[in-house]
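Me: I want to go through the packing and the pockets of this model. Please keep the answers short.

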Amino acid sequence: MADVPTCRSCGAHELERFLSLGVTPLADALVSAERLGDDEDRYPLDVSFCPRCSLVQITTEVPPAKLFVDNYLYFSSFSDALLRHSREHAIDLVDAHGLGPHDLVVEVGSNDGYLLRSFAERGVPVLGIDPAPDQASAAIANGIPTITEFFGLELAERLRDGGRRASVIVANNVMAHVPDLNGFVAGLRRLVSDDGVITIENPYVRDLIVHREFDTIYHEHHCYFSCTAIDALMRRNGLWLNDVTYFADLHGGTLRWTVGPARSRSETVSRYLREEVESGLTAASYYRDFASQVEQVKTELLALLHGLRADGRRVAAYGAAAKGSTLVNYVGIGTDLVEYVVDRNDYKQGRYMPGTHQPIAHPDRLLDDQPDYVLILAWNFADEIVSQQQEYLRRGGQFIVPLPSPRIIGAT
Ligand code: DWN
């Protein structure tokens, strides 16, 4: 573990810390039954703002292999909404750029091939890059060529020296995970063709603050991006922010940045950059109140859960998500308040939540057990989850959505 006292993007020393979530276990390090009694690795989870380039970032660095290789169980294909979003993205890119058999689409952070298969089905050559061995193996088994390595400038040089240039590079929910941010972006520039395009998706830091999405902060996510921070990062590495698209319902509010060697800029980009200054998002004062907002969520959620338990109500949870780990550990939600978690990712079932050790079971347990309430830890998929659990609702079950303030969803 290393402290990172300077800005990961611009190197500034004047980082301003505005939130500390304590010393927490790794959010995706779900505990196996045989390791329940062992000490779990815990690291400080503090968040700072860079007044020079506006990048929000954590100041502790955990070795990437520990995060994404040793025990990483996140598979993208367990969300229908995410699969729909990815398929639409691929089809849009094929149509917009007339992609065909002479092109190459590279995805960095390709996970189990969930997105690249939509290009491959349309006859477009693809290449995945992901260091997580199980996810890469799943992609390869599905016919998606995948390099099981971390992406950076060195790998980009190797690919380019081998004659590879990408017409399109997709990097969804991966750039936030990269310690060497400039090396990553320099690698994108080396690998993309001169007339190519790169699309990068990450949650929008504005929504993290406005909707109190503090649980999306964990050690995998080194950075939390604004258009201002992205613009500075791209220019420094020979790329230009060409366009930006907002997806309100994806991961709590996501931006897709379209960048490339071409110096074009859409009016939307100009508007976002202008509004970020006008809203104060590019100044430290914008973040100074966030810690008290987070504390308020903690107080409200604990009061609700303790009240339900005092009334003899039983509470379970849905979604062994990384964000769920930050929430239960920071708020202090043990098995006395939430007995277990259900999740349809079968790699996660049979394990236990980091730190608080709720057992993780198949979603069928909700109907077998019919707890009075279910706390939705994967609140970014609340609609999809609730739509699946209509029978649980019909039998009188109710859901708790924790953010931006705890609220109860019952049968309509
Ligand atoms: O950046 C990241 C984000 C995008 O995804 C990764 N580093 C890790 C991951 O974060 P997360 O674990 O908080 O992501 P999710 O996708 O919000 O987690 C949802 C969890 O809920 C997964 O474990 C799958 C599960 N799930 C389910 O059991 N039934 C999800 C859906 C939609 C469902 O119907």
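The questions below cover the nonpolar cores, then one pocket of this predicted model.

Me: Which helix gives the largest share of the largest nonpolar core?

Reply: This core has 63 residues. Those with the most contacts inside it include Phe18, Phe214 and Ile333. The largest share is 7 residues, and these come from helix 10 (residues 290-310).

Me: Which residues does Ile333 touch, not counting residues up to four places away in sequence?

Reply: Ile333 is among the residues with the most contacts inside the largest nonpolar core. With residues up to four places away in sequence left out, Ile333 touches Leu301, Leu305, Leu327, Val328, Val338, Thr356, Gln358 and Leu375.

Me: How many residues does the second, separate core have?

Reply: Leu104, Leu155, Ala229 and Met234 are included in this core. The count for this second core is 49 residues.

Me: Which element gives the most to the lining of the second largest pocket?

Reply: The pocket has a volume of about 640 Å³. Its lining has 24 residues, with Ala248, Asp249, Leu250, Asn380 and Asp383 nearest the centre. Elements that give two or more residues include strand 12 (240-247) and helix 13 (382-388). The most, 4 residues, comes from helix 2.

Me: How many charged residues are in the lining of the second largest pocket?

Reply: By class, 12 lining residues are nonpolar and 4 are polar. The charged residues number 8.

Me: Between which domains does the second largest pocket lie?

Reply: Two domains both give residues to the lining. The pocket therefore lies between domain 2 (76-265) and domain 3 (290-409).

Notes: Residues are numbered from 1 along each chain as its sequence is written. This is a predicted model: local features need pLDDT of at least 70, side-chain atom pairs count only at pLDDT 80 or more; totals for chains, interfaces and linings use all residues. Side-chain values use heavy atoms; hydrogens and water are left out. A nonpolar core is a set of buried Ala, Val, Leu, Ile, Met, Phe, Trp, Tyr and Cys residues joined through side-chain atoms within 4.5 Å. Buried means under 20% relative accessible area, exposed over 50%, partly exposed in between (1.4 Å probe, protein chains only). Contact means heavy atoms within 4.5 Å. On a 1 Å grid over the protein atoms alone, a cavity is a set of points where a 1.4 Å probe fits but cannot get out, and a pocket is an open set with protein on both sides within 12 Å along at least five of seven lines; lining residues have an atom within 4 Å of a point. Grid points are joined across faces, edges and corners, and a volume is the space filled by probe spheres set on the points. Ala, Val, Leu, Ile, Met, Phe, Trp, Tyr, Cys and Pro count as nonpolar, Asp, Glu, Lys and Arg as charged, and the others, Gly among them, as polar. Domain bounds come from an automatic or database domain assignment.
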